[in-house]
Amino acid sequence: MKGSFKLGKIADIGIFVHWTFSLLILFIIFINYRSGQNATQIAWSIVFILSIFVTVVMHELGHALAAKRYHIITKDITLLPIGGLARLEKIPEKPIEELIVAIAGPFVNITLALITGIFITIPNTSEQLMAELETGVNANNFFLNFFLVNFWLALFNLIPAFPMDGGRILRALLSFRMQRNTATRISARIGQFLALGFILFGFFTSPILVFIGIFVIIGAQVEADYTESKFMLKGFKVHDVVMKDYPKIDANATVKTAVALVLNSQNKNFLIIEEGTPVGTLNRDQIIMALSKKGEEEFIYNVMDRNLIFLDANSLLENVFELIQLNKSRLMLVMENNEVTGTLDIENLMEFILINEVTTNKAHDKN
């Protein structure tokens with residue numbers, strides 16, 4: 001994530017903090033100063049917020065270590081003002097695996113709350129509890145606050161607002177009885193409905209709830225669309241969508257040639273060849289960048305992308321969908337019998353999904 005600074009590594013997982021996290025610290029200092037707190041009280045508040053974000057890292061590590069059990073790599077964990085974000089290589093699709101990975105995060109918070117609860121005295125009445133908390137975070141109530149926050153973090157994350165932990169738990173449970181795409185769609189709609197509640201409630205209480213609500217609405221739709229697209233590819237193989245006719249540019253040509261091809265066609269991705277052999281790829285954005293930095297007389301072989309992505313023609317599209325998504329700006333080569341039989345890019349794949357969806361819907365309408 002852009003604007004993030006690396007803090008270190010835990011279990012070979014990079015831990016990053018986004019620069020906006022500093023705004024949260026400044027906001028806390030400002031609010032506490034405005035309320036008349038002294039330097040010691042403000043310092044305790046800052047230490048408490050930092051301790052909570054340590055628990056956020058532990059929460060995300062819970063997901064990461066559970067995913068590692070199923071051979072899923074976690075790329076990194078980033079701390080944001082609204083919480084943590086663990087980037088898993090992929091989301092487990094087996095219901096039991098997704099259930100365990102999703103529940104691992106809240107389980108960490110529940111465990112921390114239970115451990116803390118052993119060493120503190122919890123007030124017997126709500127009046128006593130409020131009296132303990134109304135003075136702000138200090139040495140006397142630090143661990144009581146820590147206990148309560150972890151307890152509420154666990155409960156909040158278990159709200160079935162997909163793609164939050166609770167929403168993923170809901171999808172996993174639904175997936176035991178129905179298709180994953182249907183379970184995702186139901187979970188996404190429930191999550192978006194609850195997110196509207198977050199936003200409305202947040203307007204009167206906390207702006208953080210507004211941000212979380214917006215994140216849930218967008219995240220739920222993105223993942224629902226992704227899962228539906230992947231479902232539409234079931235049963236199809238790479239050779240079903242391969243492009244036999246694709247634009248080529250000679251590696252010894254100039255950027256000027258590539259610019260002319262962009263202007264004279266709708267093509268955005270080009271295969272670079274040298275003596276008939278593929279040696280790289282080039283997309284429209286790379287061509288424009290090369291024109292800006294190198295000029296139109298620069299040779300293609302100096303600006304092309306040499307990292308070729310190969311797809312087996314007989315691979316199931318649903319199995320390589322994530323790879324294609326990760327390389328959405330590239331032209332990929334389709335191989336069969338150790339020969340290049342065509343190419344594939346994300347646009348061609350999405351057109352195939354759209355056509356397949358329309359065809360399927362028409363077939364259902366007839367029935």
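**View 1. A nonpolar patch on the surface of the predicted model**. Here we look at Phe5, Trp19, Leu23, Leu26 and Ile29, which together offer about 510 Å² of accessible area. Helix 1 (residues 21-34) supplies the largest share of the patch, with three residues. Leu26 sits in helix 1, and its relative accessibility of 54% passes the 50% cut-off, so Leu26 counts as exposed.

**View 2. Helix 3 and its bend**. Helix 3 covers residues 95-118, 24 residues in total. From its first C-alpha to its last, helix 3 reaches 34 Å, close to the 34 Å expected at 1.5 Å a residue. Have a look at Ala104, where helix 3 bends by about 35°. A proline, Pro106, follows within four residues of that bend.

**View 3. Helix 5 and its buried residues**. Helix 5 takes in residues 142-157 and has 16 residues. Its reach from first to last C-alpha is 22 Å, close to the 22 Å expected at 1.5 Å a residue. The buried residues of this helix are Phe142, Leu144, Asn145, Phe146, Phe147, Leu148, Asn150, Ala154 and Asn157. Their packing partners are helix 2 (39-68), helix 3, helix 4 (126-133) and helix 6 (165-175).

**View 4. A salt bridge between Arg180 and Glu98**. The side chains of Arg180 and Glu98 meet at 3.2 Å, N to O. Arg180 belongs to helix 7 (residues 180-204) and Glu98 to helix 3, so this pair ties together parts that are 82 residues apart in sequence. Arg180 has a relative accessibility of 16% and counts as buried, and Glu98, at 2%, also counts as buried.

**View 5. Lys234 paired with Glu318**. In this salt bridge, the closest N and O atoms of Lys234 and Glu318 are 3.1 Å apart. Lys234 lies in the loop between helix 8 (207-232) and strand 5 (248-250), while Glu318 lies in helix 11 (residues 317-326), so the pair ties together parts that are 84 residues apart in sequence. With a relative accessible area of 44%, Lys234 is partly exposed, whereas Glu318 counts as buried at 18% relative accessibility.

**View 6. Glu347 meets Lys268**. A salt bridge joins the side chains of Glu347 and Lys268, at 3.0 Å from N to O. Distant parts of the chain are linked here, 79 residues apart: Glu347 is in helix 12 (residues 346-366), and Lys268 is in the loop between helix 9 (255-263) and strand 6 (269-274). Glu347 is partly exposed, with 37% relative accessible area, and Lys268 is partly exposed too, with 31%.

**View 7. A network of salt bridges**. Glu98, Arg168, Arg171, Arg180 and Glu223 are joined into one network by salt bridges that share partners. The structure as a whole holds 12 salt bridges.

**View 8. The whole chain, for orientation.** To place the close-ups, note that the protein chain has 12 helices and 10 strands. Along the principal axes, its C-alpha atoms fill a box of roughly 80 × 55 × 40 Å. Of its 367 residues, 44% count as buried. The accessible surface comes to about 20,800 Å², and 62% of this belongs to carbon and sulfur atoms. Among contacts between residues at least 6 apart in sequence, 62% join residues at least 24 apart.

How values were computed. Residues are numbered from 1 along each chain as its sequence is written. This is a predicted model: local features need pLDDT of at least 70, side-chain atom pairs count only at pLDDT 80 or more; totals for chains, interfaces and linings use all residues. Side-chain values use heavy atoms; hydrogens and water are left out. Helices (H or I, at least four residues) and strands (E, at least two) are DSSP runs, numbered from the N terminus. The expected span of a helix is 1.5 Å times one less than its number of residues. The bend at a residue is the angle between axes fitted to the seven residues ending there and the seven starting there. Buried means under 20% relative accessible area, exposed over 50%, partly exposed in between (1.4 Å probe, protein chains only). Contact means heavy atoms within 4.5 Å. Patches are made of residues with over 30% relative accessible area and no salt bridge: like charges are joined within 9 Å, nonpolar side chains (Val, Leu, Ile, Met, Phe, Trp, Tyr) within 5 Å. Accessible areas come from the Shrake-Rupley method with a 1.4 Å probe; for residues, only the protein chains shown count as cover. A salt bridge is a side-chain nitrogen of Lys or Arg within 4 Å of a carboxyl oxygen of Asp or Glu.
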